[in-house]
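Load the model in your viewer and keep the selection tool at hand. We will walk through it one stop at a time.

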Amino acid sequence: MGREIRALRSLLADRLPDDFELPTLFEVNLDDANAVQQRIAQLSERTTEDGASLRRDYLVLSRTSSVSVEGLRLLTRTTTTSSSAVELARVRARVSPDDVARIEAAQKRLDRNRLRLEWLRLPAPQRAAQQHADQKRQAIREDQRNARRAREEAARQALEAEVARQAALEDARRAASEAQKSLARERARIESIRGDLASLRGTLALERERQVRIDAEILSRDQMLAQRVLEASAGSRETDALYDDVVDHVSAARERFSEALGGLFQQSRVPDIKLEIDLGDRLFDEFREGREAVESLIKITEEEASTLGTTEEAVRWDHAAALAQDVQFINGLRLQLIPKLSLEKRDEVMGIGREGFAQLMREVDHLLLTTRWYGLSSLRTLRNADSYLKDFFSLGRATWEALKFCALIGVFIWVMRRHRRWLDAFRPRVVAKVQHRNRNLLILVERWFAFLHLHGWSVGMLVLVYVVFGRGSSRPEITVLRSVVVGYAWYRVLLALAHHVITGAARGRGRTLKKGLSERILRTAAVIGRYVFGIYVLLTTSRRVLGVGYLYNLVTQFFWVGSIPIAFVLLQRWREDIAKTYLRLYPKGRFAQSVEKTRQSPLGFFVAVAAFGTVAARGLSVYARNTLLRFDQTRRALAFLFKRRLEKKAASQGHGTIDLGSLPKEILIAFDEESTEDEMLLVDHWPKLDAVVERLSVWIHDEELFSVALIGERGAGKTSWLSALQRRASIQTSWIALRERPSNPRLLAELLSSLLGFAPASDLDVLRRNLLSGPRRLVIIDHGQALFLRAVDGTEVYEAFTDLVSATGHHVCWVVSFSKYAWAFLDQRYRSRNLFSLEIALPGWPEQKIGELVERRMKRAGYEANYEDLVLDQVPPEDIPEEIERAAERFHRLLWDYSDGNPRVAMHFWKRSLLVGAGREVKVRLFAPPDESPFDALEEESRFVLAAVVIHENLTALEVSRTLAYAPNVCQTALTLLKAEGILSLRDGRYRAEATRYRSIVRYLKRKNLIQG
């Protein structure tokens, strides 16, 4: 087992073990995914059992030998210090050798299974790469054995042929007649040819051995290079030198590959087998046995020559295939190194210069070699197709695939011929369902039906291509063919879609395009589409064959050069139309006179370019404003673009305030992030509050159960919503804010009894009777997440509370607010027994409400916001007021997007956007975004601690320890670290997410799949 453990550790260090094969090492078929999963489950169970058994053995042996468990663990350590060596000797003196051997064997079994499990759980690509290397090494070893056996067999056959030749020559000397001599001499000549064939077979075996040795050396070198590439550090000189080394290896590999391709069709060394006598001559009729012996011998020799010719060809092709794989592998290592190069080296390698040109020539050479190889191998496959067709099972499989393809084409044609009829029948049903819901949706549906009616064949072709090429292929030529065909299908669909959108936009503005103009638009889109498709084919071929190397980057960086002549041709075609449109839209524009004067002049082309820019900009702005701004996603995208432009300006101008204490006291009071009762600060935004009030007024007079769960993330306005309900409720109301977390039902009973005005009671049954004997009331509980901990027995208080609500819900209306992420946990756990009649999830505020919130509080503070610093473009003086208004609108949209509609977060970053100006004015600038770097350095414990705090909204260190089952000191250290990084804040002994980073925290935890909702 020690050798197996060393082999597994070597494998985990990305080195193949020398004395083990992977299937033997893991005792499973690694190519069978189901078998691997079963093996993982088996090893997991066995590891758990072995670990528990070993711990029991330690405890039993500790009692019987008076040695501590820590001392016994020294028996299984691989390394010891000088101090532990003395302790180890003492332990071995007290424990019997049999027990030592048993403990060591058990520990080795456990270590072996743990290492097996660790490797099997590695990412599939990493395991597949090691499996491929191991299989290649096994194949090389098998080839070596076969080559040795072939060489030995060839030597034996050569000896037999020589003996037979000597015997035939002896028969010739003894022969009495000339016919007998001729037959014997011919037999001796054929035996000599058989000896030559045997010698050639030995030569081929030697060549095969030499090639196998080369393959083994290549494999060893490739593994070494792969390890060096993996360990290479970014930007170092060693990495730059390694890149040059890899390039040298690539060049050498390409030279070997080119030589191998040149030798594929060399003249065969197998001699021609021909008789030098005519066995049909009557001279040999009386020597039938001798003639038959020669005929049998010539037939055997011809078969041997044919087999040897096939072997000779296979040796050449196998060698070329191995070199092709080697070229691809080393070129892949080169591509992996490019991102790790230093900036100077990368600029030199990927730039336009001598080294860049050399890279281009190497890649072109690589592309030509690869294309040549694929062509030759494909021709060989076609030549050998007759042997494939002779295989009954292969022929049956090919026939079945051909029948399926023909059936698929038939179904496609049948559907396409009827698709318009089906669309016409289906359209009224869809329109009837959406016409009363949303006008924009109705327009969208109508346009899509019109598109499918006109261009159904193109869409159907795209679907057909994906069905035909649905299954992936490992052959690069098939992959390239699939990419090209799919790209062409998309080109057809996108071309039709572009034409449909352009003509549809004209129809949407009440204009009907003439047939000739519509065809011109289609031809223009086709010219652009063909160029883009050509670039796509070039990039796809380059990426699939060469990888993302110099040629790929060259095309991506300079593809725009080809668009210049295309733009010239298209503008020349549309020059007259551009001039007419510009003069119609801007009869007094800055280019109007120039356009009119140069309409027929060659110089008018350049004027048309400027006019086209003006017309296109106007058309795009109108289309974007009227269409795209209908969707939240578009507004978020525009907010993001506005933010990026502000960031560039803030780099020189500066951000908003960093120290909130420097702001005026009136602003700090008006924008206090806690809930407020000041009606001047409240925004009328209470989702579903009217429905709850109406339902509550009905509940007062009936006996139905009615309870409400209000769900929202921190700062979403839960407390303000509950306050609004309290103001509007026409029933006795009790307000309970849970600041502490009761640890058991007894404390919950005492807390609720005290807050509801009853005599102290430690039993919820007593509280239930008090509630039922009193008047009907509304009980509002804020911070309901304090009723549970996501821990063992942590929901005992919540379950007792739900029993109380269930027992009193017909007499007491309970309205409880919960943190969004706490409710996600409770809802998942208690979904089948959820007692709340109504669940209200508070979404993010809309953009208009965020803007109203800011304006209302600024008015309450008595300050005016100045948005001049947010104006990004130079505009004429008369347009400045309008531009400032647009900047204010954009900034409110940015604030809404950045906060995801969370009013607390929006208020916080609004304050961070302000700079004190003159008088009662504050300047608005871009707020400084929180630093995201602390999240990247968080350890696993800190991530789980942060998630626990966000889920429960606030926690003490002891509550975190109970939730995560971590040691208290570990939790306190993590909390202290998170507070020091500004991620958490501490208030009244409880840790909360810092408002500045709240949105970043939530996104980070969702990205790590640590919170739901």
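Which residues of α30 are buried? Keep in mind that you are looking at a predicted model, then select residues 820–829, which form helix α30. The buried ones are Tyr821, Ala822, Trp823, Ala824, Phe825, Leu826 and Asp827. Because seven of the ten residues in this helix are buried, α30 is largely enclosed by the rest of the structure.

To see what does the covering, show the neighbours of those buried residues. Among the elements that cover them are the strands β1 (707–712), β4 (812–819) and β5 (838–841). The helices α29 (796–808), α35 (940–952) and α38 (998–1007) also belong to the cover.

Next, look for empty space. A search of the whole structure turns up four cavities of 30 Å³ or more, and our stop is the second largest, with a volume of about 50 Å³. Select Arg714, Ser819, Val950, Glu953, Ala993 and Tyr998 to display its lining. Sorted by class, that lining has three nonpolar, one polar and two charged residues.

Now for the aromatic rings. The count of aromatic pairs comes to 19. Take Tyr488 and Tyr491 as one example: their ring centres are 5.8 Å apart and their planes meet at 40°, so this pair is tilted. Both sit in helix α16 (residues 476–508), and because they are three residues apart there, about one helical turn separates them. Is each of these two buried or partly exposed? Tyr488 is partly exposed, with a relative accessible area of 41%, whereas Tyr491 counts as buried at 13%.

For a bigger group of rings, select Phe671, Tyr867, Phe891, Tyr898, Phe909, Trp910 and Phe927, which ring pairs link into a cluster. Then move to Trp699, where the charged end of Arg776 sits over the ring, 4.3 Å from its centre.

Finish with two backbone stops. Asp900 lies in the loop between α32 (880–899) and α33 (903–911). Its phi is near 55°, a positive value in a residue other than glycine, and Asp900 is partly exposed at 29% relative accessible area. Where is Asn1009 found? Look in the segment after α38. Phi of Asn1009 is also positive, near 55°, and this residue is exposed, with a relative accessible area of 68%.

Notes
Residues are numbered from 1 along each chain as its sequence is written. This is a predicted model: local features need pLDDT of at least 70, side-chain atom pairs count only at pLDDT 80 or more; totals for chains, interfaces and linings use all residues. Side-chain values use heavy atoms; hydrogens and water are left out. On a 1 Å grid over the protein atoms alone, a cavity is a set of points where a 1.4 Å probe fits but cannot get out, and a pocket is an open set with protein on both sides within 12 Å along at least five of seven lines; lining residues have an atom within 4 Å of a point. Grid points are joined across faces, edges and corners, and a volume is the space filled by probe spheres set on the points. Ala, Val, Leu, Ile, Met, Phe, Trp, Tyr, Cys and Pro count as nonpolar, Asp, Glu, Lys and Arg as charged, and the others, Gly among them, as polar. Rings of Phe, Tyr and Trp (its six-membered ring) pair if their centres lie within 6.5 Å; planes under 30 degrees apart count as stacked, over 60 as edge-to-face and the rest as tilted. Helices (H or I, at least four residues) and strands (E, at least two) are DSSP runs, numbered from the N terminus. Buried means under 20% relative accessible area, exposed over 50%, partly exposed in between (1.4 Å probe, protein chains only). A charge sits over a ring if NZ of Lys or CZ of Arg is within 6 Å of the ring centre and within 35 degrees of the ring normal. Contact means heavy atoms within 4.5 Å.
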